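Welcome, and thanks for opening the viewer. Let us walk through this structure together, one selection at a time.

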Amino acid sequence: MRKNIQIQPLTLESFSAFGDVIEKENHDFFAINQGLTQRYHALSVAQISGDNTAVGMSIFHNLCATEIPFKIDMLERHPHGSQSFIPLQQQKFIIIVALAFDETRPDEQQIYAFLSNGRQGVNYHQGVWHHPLITLEAKSDFLVVDRIGEGKNCDVHHLTQSYWIIEQQPQSEIVSL
C-alpha cells in the first residue's frame, strides 16, 4: 500500500515540535545602524555539543530540482547540533521531518512535510529526524548553519517502506474513512 505524506504550509506553530521557522513575519524588530536597518533579533539559536566543536556557516548549492510527487526512503538526524537552512534566492523548498519513536529511530507514522514560501528558513533542533535538503528550483543556494567539529554527527535511518510526498489536497477533496 502506498503511503502518502501531504505537504502543508510552513508556520511557526506547525513546525514548533521540530525546530524554528526563520522569518521576519510576526516578529518584532529594533532599529540599528542609525535607523537604516531593522534587526529581527535571535529568530533561532544554534545548538551544539561535544569537544572541539564550533558553529559553522556553509553554502549548499543544489544542482537539480525535485518534482512533486517524489518518494523518500531515509531520514537523518544530527545528535550533537542543530542545522539551519536559509534560502539565499527566496526559492521555495520542502522540509520533511519526523518525531522520534525512541532514542534510535524516527516514528514512521509521524512524518510531516512542509513548504517554505521562499522567505522562510528553518532550524532543525538538535537530534530532529529530517530528510536532506529538497529544493524545487535548480541551481539554488542555501546558507547552512550547523555544528562543525570532531565526532560522528549524522545518524541515517532507512525507512521500512517508501513514502510519497504529494501536494496538499484541497479540503473538499480529502475523504475520511
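A residue is called buried when its relative accessible area is under 20%, exposed when that value is over 50%, and partly exposed in between. With that cut-off in hand, select Phe85: its relative accessible area is 4%, so Phe85 is buried. Please keep in mind throughout that this is a predicted model.

**Step 1: the whole chain**

Zoom out and show the protein chain as a cartoon. You should find 1 helix and 14 strands. Along the principal axes, the C-alpha atoms fill a box of roughly 60 × 40 × 30 Å. How does the radius of gyration of the protein chain agree with that of a compact globule? For 177 residues a compact globule would have a value near 16 Å, and the protein chain has 17 Å, which agrees.

Now switch on a surface. The accessible surface of the protein chain is about 10,400 Å², and carbon and sulfur atoms own 51% of that area. Of the 177 residues, 37% count as buried. If you draw a contact map and keep separations of 6 or more, 83% of the contacts in the protein chain come from residues 24 or more positions apart.

Colouring by charge shows 12 positive and 20 negative side chains. The centres of these two sets lie 3 Å apart.

**Step 2: the aromatic rings**

Next, select Phe15, Phe18, Phe60, Phe85, Tyr112, Phe114 and Tyr124, and show their side chains. Together these residues form one aromatic cluster. A search of the whole structure gives 9 aromatic pairs. Let us visit two of them.

Begin with Phe18 and Tyr112. Their ring centres are 5.7 Å apart and their planes meet at 50°, so this pair is tilted. Where do the two partners, Phe18 and Tyr112, lie? Phe18 is in the loop between α1 (12–15) and β2 (19–22), while Tyr112 belongs to strand β9 (residues 106–115), so the pair ties together parts that are 94 residues apart in sequence. Phe18 has 3% relative accessibility and therefore counts as buried. Tyr112, with a relative accessible area of 29%, is partly exposed.

Then move to Phe60 and Phe85, the residue you selected at the start. This pair is edge-to-face, with 5.8 Å from centre to centre and 75° between the planes. Phe60 sits in strand β5 (residues 53–62) and Phe85 in strand β7 (residues 83–87), so here the pair ties together parts that are 25 residues apart in sequence. Is Phe60 buried or partly exposed? At 31% relative accessibility, Phe60 counts as partly exposed, whereas Phe85 is buried at 4%.

**Step 3: a glycine in a strand**

Stay with Phe85 and add Gly121, because the two are in contact, with heavy atoms within 4.5 Å. Gly121 is located in strand β10 (residues 121–124) and counts as buried at 1% relative accessibility. Leaving aside residues up to four places away in sequence, Gly121 touches Asp20, Val21, Ile22, Phe85, Ile86, Pro87 and Phe93. For a distance to try in the viewer, pick the C-alpha atoms of Gly121 and Gln90: they are separated by 9.5 Å, with the two positions 31 residues apart along the chain.

**Step 4: a histidine in a loop**

Now centre on His78, in the loop between β6 (70–77) and β7. His78 has 12% relative accessibility and so counts as buried. Which residues does His78 touch, not counting those up to four places away in sequence? They are Gln83, Gln126, Gly127, His130, Asn153 and Cys154.

**Step 5: the backbone**

Hide the side chains and look at the backbone angles. Most residues other than glycine have a negative phi, and most peptide bonds are trans. Three places are worth a click with that in mind.

- Ile68 to Pro69: this peptide bond is cis, with omega near 0°. Pro69 lies in the loop between β5 and β6.
- Gln34: phi is positive here, about 60°, although Gln34 is not a glycine. Look for Gln34 in the loop between β3 (30–32) and β4 (37–39), where it is exposed with a relative accessible area of 80%.
- Asn52: phi is near 55°, again a positive value in a residue other than glycine. Asn52 is in the loop between β4 and β5 and is exposed, with a relative accessible area of 59%.

Note on methods:
Residues numbered from 1 in each chain as written. Predicted model: local features only at pLDDT ≥ 70, side-chain atom pairs only at ≥ 80, totals over all residues. Heavy atoms only, no water. Helix = DSSP H or I, 4+ residues; strand = E, 2+ residues; numbered from the N terminus. Rg over C-alpha atoms; globule rule 2.2 N^0.38 Å. Buried < 20%, exposed > 50% of the residue type's maximum accessible area, 1.4 Å probe, protein only. Areas by Shrake-Rupley, 256 points an atom, 1.4 Å probe, with all protein chains shown as cover. Lys, Arg positive; Asp, Glu negative; His and termini not counted. Charge placed at Lys NZ, Arg CZ, Asp CG, Glu CD. Phe/Tyr/Trp six-rings, centres within 6.5 Å; stacked < 30°, edge-to-face > 60°.
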